[in-house]
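The following exercises concern the packing of helices and the pairing of strands in a single chain. Please examine the model before reading each solution.

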Amino acid sequence: MKIWGRNNSTNVRKVLWCAEELGLKYEHIPAGGAFGVVNSQQFRALNPNGLVPSLKDGDLVLWESNAIVRYLARQYGTTPFAPSDPRIWAVADKWMDWASLSFAVPFRDLFWNLVRSTPEQRDDVAVERGLAQCATLMRIADDTLSESEWLSGAEFGFGDIPLGCIAYAWFSMSIERPEHPALEAWYGRLSERPAYRKAVMTGLT
């Protein structure tokens, strides 16, 4: 198994974290950003989008981070990480897409301006907008986590992965965050997982 991507990418972290949780053996090939690779003919043959992450498992080639995580969960996971009950799977699936789609724009506004832009380049209006929208979304997760320890249900599962990757940046950035006690407790539980510390809690750049 090979996984292409730079480990400071939220989407790449999803895949690396999932692979670590499942105890999979894989080769991680840095790609994208300063690592290049993605515009090479060889990489474009695997992923014509020229984006990361990309995965090759035997003769199967996949791109799109959520699709890769779902594949790994189905192919190599067991209950409770990959529930056999379609209803429980759907709950985890819901949170996976919610985190990836609802957070896309506001998280980008916040992260790119605070982490990847110089003070001179920073768009303060976008920062305020992104902070307010992310805080509202985090409240939705906080409400659920006040009733369940995990977004995936009673046990940790693949549905916790996308928001877990975003949460690392959310709690690491120098911002004023509203209190979300259940979310904070969930993040604390994630931070105790060796796979999370290895794959997600890397340099925020």
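Two exercises on this predicted model follow, each with a worked solution.

**Exercise 1.** Describe how helix α4 and helix α7 are arranged relative to each other, and state which residues make the contact.

*Solution.* Two packed helices are described by the angle between their axes and the distance between the axes.

Step 1. The axes of α4 (residues 86-102) and α7 (residues 161-172) come within 7 Å and cross at roughly 40°.

Step 2. Angles under 35 degrees count as roughly parallel, and 65 to 115 as roughly perpendicular; α4 is therefore oblique to α7.

Step 3. On the α4 side the contact is made by M96, W98, A99 and S100, and on the α7 side by P162, L163 and I166.

Step 4. Sorted by class, this contact of α4 with α7 comprises 6 nonpolar residues, 1 polar residue and no charged residues.

**Exercise 2.** Determine the strand order of the open sheet, and explain why β2 and β4 each have one side without a neighbour in the sheet.

*Solution.*

Step 1. The open sheet is formed by 4 strands in the order β2-β1-β3-β4, with mixed pairing.

Step 2. Because β2 (27-29) and β4 (60-63) stand at the edges, each has a single partner strand, and one side of each is left without a neighbour in the sheet.

Step 3. Direction ignored, neighbouring strands of this sheet are turned by 15° against each other on average.

Step 4. Strand β1 (residues 2-4) runs antiparallel to strand β3 (residues 54-57), and 3 bridges join them. The bridge partner of K2 in β3 is K56.

Step 5. Helix α3 (residues 65-76) lies across β3 and β4 and runs at about 135° to β4.

Notes
Residues numbered from 1 in each chain as written. Predicted model: local features only at pLDDT ≥ 70, side-chain atom pairs only at ≥ 80, totals over all residues. Heavy atoms only, no water. Axes fitted to C-alpha atoms, helices over the stretch in contact; angles between N-to-C directions. Helix = DSSP H or I, 4+ residues; strand = E, 2+ residues; numbered from the N terminus. Parallel < 35°, antiparallel > 145°, perpendicular 65-115°, else oblique. Contact = heavy atoms within 4.5 Å. Nonpolar A, V, L, I, M, F, W, Y, C, P; charged D, E, K, R; others polar. Pairing = 2+ DSSP bridges.
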